[in-house]
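Here are my notes on this one, point by point. Have the model open while you read.

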Amino acid sequence: MEKEQQGAANKLLYGLREAPPLNRTLVYSIQWLAFTLANSAVVPLVVGNALGLDQAGIASLAQRTFFFSALASLLQVYFGHRLPIMEGPAGMWWGIFITLSVMAPGLGKSLAVLRTDLEMGLIIAGAVLFVVGSSRLIGSALRLFTPAVTGSVLILLGLQLSGTFVKGMLGIGLEGPGISLKATFVSIIVVAVVFLVTLKTGGFIRSIAILIGVTVGWILAALLGIAGDVQWADGAAFFALPQLFAWGKPTFDLGIVITSVFTGLLVLSNLVASILAMDRTIDEEVNRRDYDRGVAFTGVADIMAGVGSTVGFVPYSAAAGLVGLTRVASRVPFVVFTVAMMILGLIPSVGAFLSSIPAPVGYSVLLASFCQMIGFGLKDYSRLEFDTRNSFVIGLPILVGTGIMFLPPEVFEELPSVLRYILGNGFITGMIMVILLEHLFIPAGKNKIDAQR
């Protein structure tokens, strides 16, 4: 067994504590940068559109996202889990942002107020994660998120966001109130390109399928005249520090705080999966204290996201795939990459350029990437025995949550604000239901229905 582990470790070109030569370090750093940008560049565009930001606001959001995600990655590799895993906008977080933005008008809340509510929600959720990590409570917190819970949450989130994705891909409102045939054509091509690159190629090419899809879609949209122009800021400085609380002074809404804390705790499963994947890739055991520090600094990252008015962050499990692909686990290129990305976050023109990605292209690549999250949810289900008990634990939240998604917002107008955010959101209602059913109402081991069969 010892020889097998040693053989696995020898497959790495550069281990965690080894430093490649300078020329290779620069190449590996650029590779990290391209990979991270491919996975996160379109998120500010889609989230910014959902939150009612103009192109300048989206450009500023992109700039802050790059800066604070790079800073969070740097803090993790030095003080957190100490592994080369980049932090980026979490699918769960930006999914919640989009979901709440769709709900807000029906709840009588302006998008401007929702943005400041989200700042506070992120800060409080980050503080909770920091306490969980600092108190070594990670094991207790993760016990909430069984395969039944995580599988249901991922499926419900995909269902909740599918309407937003399809609406953006069809270009509704882009050229008029109806469907834009040009946008629809571009979206189909982008999804096809991402799928073909992912399924038919391998190695580094496969790892940048999203970047290839964005590039092809952007060029095609420009040729069809639906790309839009880059709005460069006149007289803007070449470098500019990210603006703190760019959306305004944080405001408190109990419903959004509860939603944010649940989301932050749920994202912990991504953190553990990322560390485990990297552990297996580099064949180096990660101890319990590393997990605790990782959780604590994910909390710090979410606090920074709130202060910096961005989407909440999470360690990307795809980092293990890149390390396995390149066989380079060294921290040195990773640190250089984080510094380079922070510098990009200080250049407003970079954000302005990326904010001009055509919306149908952004929605298309996110739809394609979300297929993976649906797949993860189904994999979680595959770990379950589908007896009567589990059928109820999974079936009720999925059916009730999906049913709520079809209800008009006005049916919840008479409810208090907190209940409107919970009961008026199929995803949140389903998430709470599956946790209560799994752990409180019909916990495993106390299932009388199947025991009598």
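1. First, is the crossing of helix 18 and helix 20 left-handed or right-handed? The crossing of these two helices is right-handed (left-handed if the near helix is turned anticlockwise from the far one by less than a right angle, right-handed if clockwise). Helix 18 covers residues 388–405 and helix 20 residues 426–441, and their axes come within 8 Å and cross at roughly 165°. Axes here are lines fitted to C-alpha atoms, for helices over the stretch in contact, with angles from 0 to 180 degrees between N-to-C directions. Helix 18 and helix 20 are therefore roughly antiparallel (angles over 145 degrees; under 35 is roughly parallel, 65 to 115 roughly perpendicular, the rest oblique).

2. Before going on, a caveat: this is a predicted model, where local features need pLDDT of at least 70 and side-chain atom pairs count only at pLDDT 80 or more, while totals for chains, interfaces and linings use all residues. Residues are numbered from 1 along each chain as its sequence is written, and side-chain values use heavy atoms, with hydrogens and water left out.

3. Who touches whom in that pair? On the helix 18 side, the contact residues include Phe392, Val393, Leu396 and Pro397, and they meet a helix 20 set that includes Phe427, Met433, Val434 and Leu437 (contact means heavy atoms within 4.5 Å). The contact divides into 11 nonpolar, four polar and two charged residues (Ala, Val, Leu, Ile, Met, Phe, Trp, Tyr, Cys and Pro count as nonpolar, Asp, Glu, Lys and Arg as charged, the others, Gly among them, as polar). Arg389 of helix 18 and Glu438 of helix 20 are among the participants.

4. Now look at helix 9 (residues 181–200) and helix 11 (residues 209–224), whose axes come within 9 Å and cross at roughly 155°. That makes helix 9 roughly antiparallel to helix 11, and the crossing is right-handed. Val186, Ile189, Val190 and Val193 are among the helix 9 residues that meet helix 11, where the partners include Ile212, Gly213, Val216 and Leu220. This contact splits into 14 nonpolar, three polar and one charged.

5. Helix 12 (residues 254–282) packs on helix 13 (residues 288–307) at about 135°, with the axes 11 Å apart. That makes helix 12 oblique to helix 13. The crossing is right-handed, and Leu268, Leu271, Val272, Ile275 and Leu276 of helix 12 contact Tyr291, Gly294, Val295 and Thr298 of helix 13. The tally is seven nonpolar, two polar and no charged.

6. Two helix lengths, for the record. Helix 13 has 20 residues and reaches 29 Å from first C-alpha to last, close to the 28 Å expected at 1.5 Å a residue (1.5 Å times one less than the number of residues). Just after helix 13, Ser309 takes a positive phi of about 55°. Helix 6 (residues 111–134) has 24 residues and reaches 34 Å, close to the 34 Å expected, and just after helix 6, Arg136 has a positive phi of about 60°.

7. Overall, the protein has 21 helices and two strands (DSSP runs numbered from the N terminus: H or I of at least four residues, E of at least two). Its radius of gyration is 22 Å, close to the 22 Å the globule rule gives for 453 residues, so the protein is as compact as a globular protein of that length (taken over C-alpha atoms; the rule is 2.2 Å times the number of residues to the power 0.38). The C-alpha trace spans about 65 × 65 × 45 Å along its principal axes.
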